[in-house]
Every structure is written in C-alpha cells, then in structure tokens.
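User: I've got a model open and want to talk through some of its local geometry. Can you take my questions one at a time?

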Amino acid sequence: MSVAVRELCDFTARRGDLDHRFTPAPSSREGIDGHAQVVARRGEGYRSEVAVEGTLAGLHLRGRIDGVADDGSRLEEIKTHRGRLDRMADNQRALHWAQVRAYGALWCRQQRRERITLALVYLDLVTGRETLLSCEASASELWQELAAACHDYLHWAKSEARHRRRRDSALQGLRFPYLDFRPGQRQMAEATYKAVATGKALLVEAPTGIGKTLGSLFPVLKAMPRHGLDRVAFLTMKTTGRQLALSAVNQLDPGPERRLRVLELVARDKACEHPDLACHGDSCPLAQGFYDRLPQARQAAVAHARLDRAGLREVALAHRLCPYYLGQEMARWCDLVVGDVNHYFDASALLHGLAQARQWRLALLVDEAHNLIDRARGMYSASIDQRSLARLSKEAPAALKQPLARVVRQWQAVVREHGGDQPGSRDAPRWMTLGTIPAEFLQALQGLSGAIGDHLGEHPEDTRPALTDALFEALAFSRLAERFGDHSMCELTRRGRGRARLAIVNQVPGDFLAPRFAAAHASVLFSATLAPPRYQQDLLGLPAHSVWAEVESPFTAEQLDVRICTHLSTRYRHREQSLPGIIEMMAAQYQRRPGHYLAFFSSFAYLDRVVAAMADAYPEIPRRVQRRGMDEAEREAFLADFAPGGFGIAFAVLGSVFSEGVDLPGDRLIGAFVATLGLPPSDARQEALKSRLEARFGQGDNYAYRIPGLIKVIQAAGRVIRGPEDSGTLVLLDDRFAWPEVRERLPSWWQPRQVSSPEP
C-alpha cells in the first residue's frame, strides 16, 4: 500500500478549529515563483525537490522535500503567504510541521542520520521577507511520530480496502429493482455499460418517461467492480435531479445492508447551520475544535453510508461539526457523489481536484446535459462593473485609494478609446466587442486585487462585502484573462456615464471542459434533447471518439396530437397582427377539450400582449401568468394550480423554469401552445457569437440560433406527455415549424399536421 506524505499528514495531522476567515492565498503560479525565489537565495550545494521514500509497517511513503542543505543536515519546507503570518490557522501550521517532520524521519532513515534540523520557511510575497521557524529533532523521535501517523492511516486504509471488497462483491450481484426495464431503458443501460467498459464518452438522447436516472446508474454501478471504477459522480442541473438520483440509489441498494456510500453535495448557503456567524472557531461552535472531532465523525459517516442532506446533517450535528465541511471531507471517501455540475466542471471544482490528486478511475453521469453548454459558459465568464468600483472608492481604506485611482483612470482611458462621446443609456446601452483585453486596465486591476488582498491579510476583521466582492471579481477576471483566446470575447457595455461593464464572456466552453472529460475514465451525458450530437461535441469539447445513442421513444403519435399553424407568424415584425389568430387557435382548442394548458412565448412583452388580447376576447377562460422575478414560493404556487380536474391556460416564457424540469402527469397538463421557435434575439452580441461559431465550426447560424432554440421548444413540449397513459395536444403557432429543415429536427415519433385555421 502506498501513500504520499502530504496525504498522510492531511489525514492525521490537522488539529484544532476550522478556520475559513478570508486569507489572500497565493495562486499556484505565485507559489512556484516563491519557491524558486527562496531556492535562488540559498546558493550552491542547496538541493530542491529532493525525492524521499521509505516503508513503515507495510505502508510505502513517498514525497519531495522542498529544500536540503548542502551537507544534508537541514531540511526546509517552503510556504508562501500574504498578510500577517500570525493570522495563519493553527490547523494549517500543524499540517506544515507534520510534513517537514515526516520528511525528516524518512531522510534520516535513508541517509542514516541520527539528528536533523527542520525548518519551515514562510515567504511573504509582498515584502519578499522570509520568516524561519526551526527545531532540532532526533531520528528516533521523528520515526516514532511517523509510525504513529502511519498506524492511524493504515487502520483507516485497511478499513477502506475491506469496504472496497465488500462494495465490489455486492455490486457484482446487483439486480435491477423491477421485473423488467421500461421500453427504451434497457437500450440506454446497455449503451451506458459499454461506454464504461470501453472508457468512452457517450451522448444519450432518451425521451422523458423511460427512467433515465435508473437507466444510467444501474449499469455504471454494475460496471464498477468489473472495470475497476473508484468513484461515480452523478451531476445534475437542479435539486430535483439530485433527489431522483438519490431515490434511484435507494432502490438499487436498499437498507439495512447498504454496501454503497452515497454523498449528496449541497451548496454552502443551503447547508450552513449558522448563516449569521463567521466560519471560524472564535465565532461558530460547529467550527470550534472541528479537526479534533473529525476522526470520530468520519467513522460515523462511513458507517451511516447514506449521506444525503438529512443524513449528513444528522452525523455532523451529532459530533458538533459543520455539515457543509464534513461533506467536503466525505467527498474523499464516498463511492457515489451526487451534486451540481459545478462540483466537477467549475474552474476550482472539488471533485475534479480530488480525482486528479488521488488518480481516481472516475465515471461521470451528467443529467439534463443539454443545459451544460450554457452553465459552463457562465462558469468561465467574468465581469468588472464600474459602479461597484465607484461604491468601493467611497468606503475604501487609505491603502486602497491609489490602486483604485489607477483602475478608475484606466476605465476612463478604455471608454475614451471606444467612443467616449456616446455613452449610451439605460434603455439603449452601447455594446461592443474588443479585440483584446486592455492591457493597462488589466495591470491596474491586478494591482488593485493585490492591494485588497494585502489589506485583508493585515486586517482580517475588515468584513465589508464591498472589499471581498471586488477582490473575488478582480481575481476571477484576471485568471480568465490569462487564458483569453478565441473561445471567449471581451465585451464593453455602457449604460450611461459611469455605468460601464467590461466582461470576458465565454462562447466555446469546450476549450475549458475538454481536459475535464479527458480526466474521467468514462462520461455519460443524457437528456431528452441532445441532437444533433456534433453540436454537443463541438461546444462541450467531448473527445473525437465520443459515441451517440438515440433511444427509441416509448410514446406513439396517437398520444400527442401535434399541429403546425401555417397561417401564423410570430416573427417580431408580425407579432401585433398575429394576436387575433393566436388567441383564436388557443380558445378553440380549450373549448374543444377544457383542462390545463401551458402557453409559451418568446418574451414577457409578447406574453403580456397575448394575455391582454385573450382577456378581452375570451374572459371566461381562466388564465394564470408567469411574472418577472418570481421567487421560489411563487413558482411553487404557480405549479400547484395545475391540480387534477382543473382548468385554465397558464402563460409562460420559453426557456424559463416552467418549460423544463416540470412534471405534470395525467390531467394536470393536457396540452401546450408554443408561439416561438425559441430563437435568441438577433442583437449585436448574438451576431458576434454567430460569427465566432461560424469561424470555429462553420455552423454559425445553427449553433447560435436554430439548434438551441429548438431544444427549448422540444423541452417545453415534453411537459405534455410524461408517461405511457398520458395523451395531449401540442399546437405550434408559427409557419416556420413546417419548414423541412425545422421538421427534421423535431422528435421522430411526432406526426405533425399542418392546419390553417381552428379545427371544429
């Protein structure tokens, strides 16, 4: 059994409080440069990155010593920092000492030395000053300490190995929880198993209602022992997706003899027990003594096995620990992790970092994968707002006045260079793309982020949100600027004097996601709307050998009456004259078969015009309307009105929360109207995206407009038929749905009819 010294110490050496007070941590590049700076000062004979290894109680240890004196009598562990060193958390200092002492034990045994000098070297990145903490130690005491740490780790590692054997044995005998698969579900399961067996990326387009969650989880878990998978990550876009996955696991691995450890990762703001308290031992009781109680809590957590949000909270509070940070720890030790896609694909994602550090053989399952393009674009975009910096200027401490002034001057220079005499307005903002990120502005911004970091390092009690918000925005912008390329664009938006916004907007997330997919052993992305596969492959950066599988729908054309209204146009220039025809078609269908309907429109403005016309012409038809900015309670109330046996037309915007992920089976929803092709507005930004996608893939119009628009339409239409007993009506209120290039992208099981007037 083998383990890195750093991992051993991280497991055994941390003590004391959890302490997440803000400290301006150096970047990896700054850390590397800082190490080089210290090494350069040491002179000839000093050796850096010296490999060391040894075996103790059957555990093979390996690592690299940061620095060794020329005569081998002194070892150094080099760390970089910003701000006051006495603000460093005790658990972090304990980890540093444990590392250098472990290296000392191995070095003395390897070099047959009886004593050694050990030093922690802390380099202040701002001043360049070194702080040295050193001690003398005998080889025997260091070896005894290392033996104790190895004993603790080995006890845990052996327990983990036994768990792995029991888990794999149980999964080899895993049975599907029902007598048979649903139609299409077996096809999906077989394709998924084959992808894991061959280490491929798989795109599965499978209709709603076949049981995609169970159809993907079962084959992956079945493949775990045979194909040596260490972990599975089930990644979702919404909370409902996580709940479906957890429910499926409980069917596959029911209690009380649960062999599979399952963890639900929850956002910190949802898991926090004391949102009014700061996250450190001096403030929060669940942070106080966190690392002292962690070993017992960790043992209880693996015994509990089912660590969904409620289960994790139960274990955490029983040991007086923070549920969120216990979950972060247990991500290392659970077989299946269920969480949001950002936990693997975000720039600083926990699961990706663990998979890389621990060299996991990992399988990814991505639910509702048609949303990943837009979600990833958001992950790899950042912006700086002029008004935020102006607010910060009013309350900034004296040390930040000068760097803030430099940023303000560079803002003004950028604005002057790009049409400063035409500032735009709130109603008609000026938008433009810049060929490059303004170098002087970026340099000033980096100077400001460094100054804020230094200030917060010296004054951690300064908790003004304006400071931390400005720092995180500046850091995010600067890091993306380092990787700026044709996958993104730099845009400047002006909404009036002093209201500029400079943004790095990602357009091709695949350039960032490709290494994430490459790092996984296998990836399975599934949704009811993934076609065409080349669109997903290009924009997500999936491997060239990715596999496409289209699962045959279990539904029939008789279940869904699809009509295309060839006499109607919802193009922007025709919208006013389209109103009478739209409400006539909707009213005729409702009167023919009263019940619950959803009607989707391209914008709130268009929706409001149709609602007003419907109220005037057909006041007797009940109406419900999606409003701008509805909170969670209002959204739930909107959906609750779709009660069995009820009536009315609910109006919503296509692409909103009501057009996908909504399950209204039976007579809770019997029909839908779609009065748009879902095309994004043809503004300057969208045209810039089109040009970029045309240059990269030769598919500008399709990738920027038509494909994402029709994905929204098909998702919305999918609300009507949710199960084998459902039937309903779909009315497509635009003549363009009859165009051959559009019809060929509609689901193959639809049999649309063209109509030119309401049917009797």
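## Backbone, sheets and helix packing

Analyst: Sure, and let's begin with Glu-49, which sits in strand S2. Keep in mind that this is a predicted model.

User: What is the phi of Glu-49, and is the residue buried, partly exposed or exposed?

Analyst: Most residues other than glycine have a negative phi. Glu-49 isn't a glycine, yet its phi is positive, near 50°. Its relative accessible area is 41%, and buried would need under 20% while exposed would need over 50%. Glu-49 therefore counts as partly exposed.

User: Which strand does S2 pair with, and in which sense?

Analyst: S2 covers residues 47-56, and 9 bridges tie it to a strand at residues 59-68. The two form a hairpin with 2 residues between them, and Ala-57 in that turn has a positive phi of about 55°. As for facing residues, Glu-53 is opposite Arg-62. The partner is strand S3, and the sense is antiparallel.

User: Where is Gln-359, and is it buried or exposed?

Analyst: Gln-359 belongs to the loop between helix H13 (350-358) and strand S12 (362-366). It's a non-glycine residue with a positive phi, near 55°. Its relative accessibility is 69%, and the cut-off for exposed is over 50%, so Gln-359 is exposed.

User: Which kind of peptide bond joins Ala-531 and Pro-532, cis or trans?

Analyst: Most peptide bonds are trans. Here you should look at omega, which is about 0° for the bond from Ala-531 to Pro-532. Pro-532 is in the loop between strand S17 (522-527) and helix H20. The bond is cis.

User: How do H20 and H25 sit relative to each other: parallel, antiparallel, perpendicular or oblique?

Analyst: H20 (residues 533-540) and H25 (residues 700-717) have axes 12 Å apart, at an angle of about 120°. The contact uses Arg-534, Tyr-535, Gln-536, Asp-538 and Leu-539 from H20, with Tyr-703, Ile-707, Pro-708 and Ile-711 from H25. H20 passes H25 in a left-handed crossing. Roughly perpendicular stops at 115 degrees and roughly antiparallel needs over 145, so the pair is oblique.

User: And which hand does the crossing of H1 and H3 have?

Analyst: The axes of H1 (residues 5-12) and H3 (residues 90-111) come within 9 Å and cross at roughly 130°, which makes H1 oblique to H3. On the H1 side the contact involves Val-5, Arg-6, Cys-9 and Asp-10, while H3 brings in residues including Leu-95, Ala-98 and Tyr-103. The crossing is right-handed.

User: Which strands stand at the edges of the sheet S13-S16-S15-S14, and why does one side of each lack a neighbour?

Analyst: This is an open sheet of 4 strands with antiparallel pairing. A strand with a single partner has one side left without a neighbour in the sheet, so the edges are S13 (382-385) and S14 (430-434).

User: How many bridges link S15 and S16?

Analyst: S15 takes in residues 488-494 and S16 residues 500-506, and they pair in the antiparallel sense. One bridge pair to click on is Ser-488 with Asn-506 in S16. Helix H15 (residues 386-395) packs on this sheet and touches S13 and S16, with its direction at about 50° to that of S13. The link between S15 and S16 has 7 bridges.

User: How many of the residues of S11 are buried?

Analyst: S11 (residues 336-340) has a parallel partner in S8 (residues 231-236), with 5 bridges, and another in S9 (residues 262-264), with 3 bridges. Val-337 of S11 stands opposite Ala-233 and also opposite Leu-263. The strand is largely enclosed by the rest of the structure, because the buried count is 5 of the 5 residues.

User: With which side chain does the side chain of Thr-570 make a polar contact?

Analyst: Thr-570 is in the loop between strand S19 (560-565) and helix H21 (575-592). Its relative accessible area is 3%, so it counts as buried. Beyond its neighbours within four places in sequence, its contacts include Arg-575, Ile-582, Tyr-606 and Arg-736. The polar contact spans 2.5 Å, and the partner is Asp-734.

Note on methods:
Residues are numbered from 1 along each chain as its sequence is written. This is a predicted model: local features need pLDDT of at least 70, side-chain atom pairs count only at pLDDT 80 or more; totals for chains, interfaces and linings use all residues. Side-chain values use heavy atoms; hydrogens and water are left out. Buried means under 20% relative accessible area, exposed over 50%, partly exposed in between (1.4 Å probe, protein chains only). A polar contact is a pair of N or O atoms within 3.5 Å; within protein, one must be able to donate a hydrogen and the other to accept it, and residues adjacent in sequence count only if both atoms are side-chain atoms. Contact means heavy atoms within 4.5 Å. Two strands pair if DSSP finds at least two bridges between them. Axes are lines fitted to C-alpha atoms, for helices over the stretch in contact, and angles run from 0 to 180 degrees between N-to-C directions. Angles under 35 degrees count as roughly parallel, over 145 as roughly antiparallel, 65 to 115 as roughly perpendicular and the rest as oblique. A crossing is left-handed if the near helix is turned anticlockwise from the far one by less than a right angle, and right-handed if clockwise.
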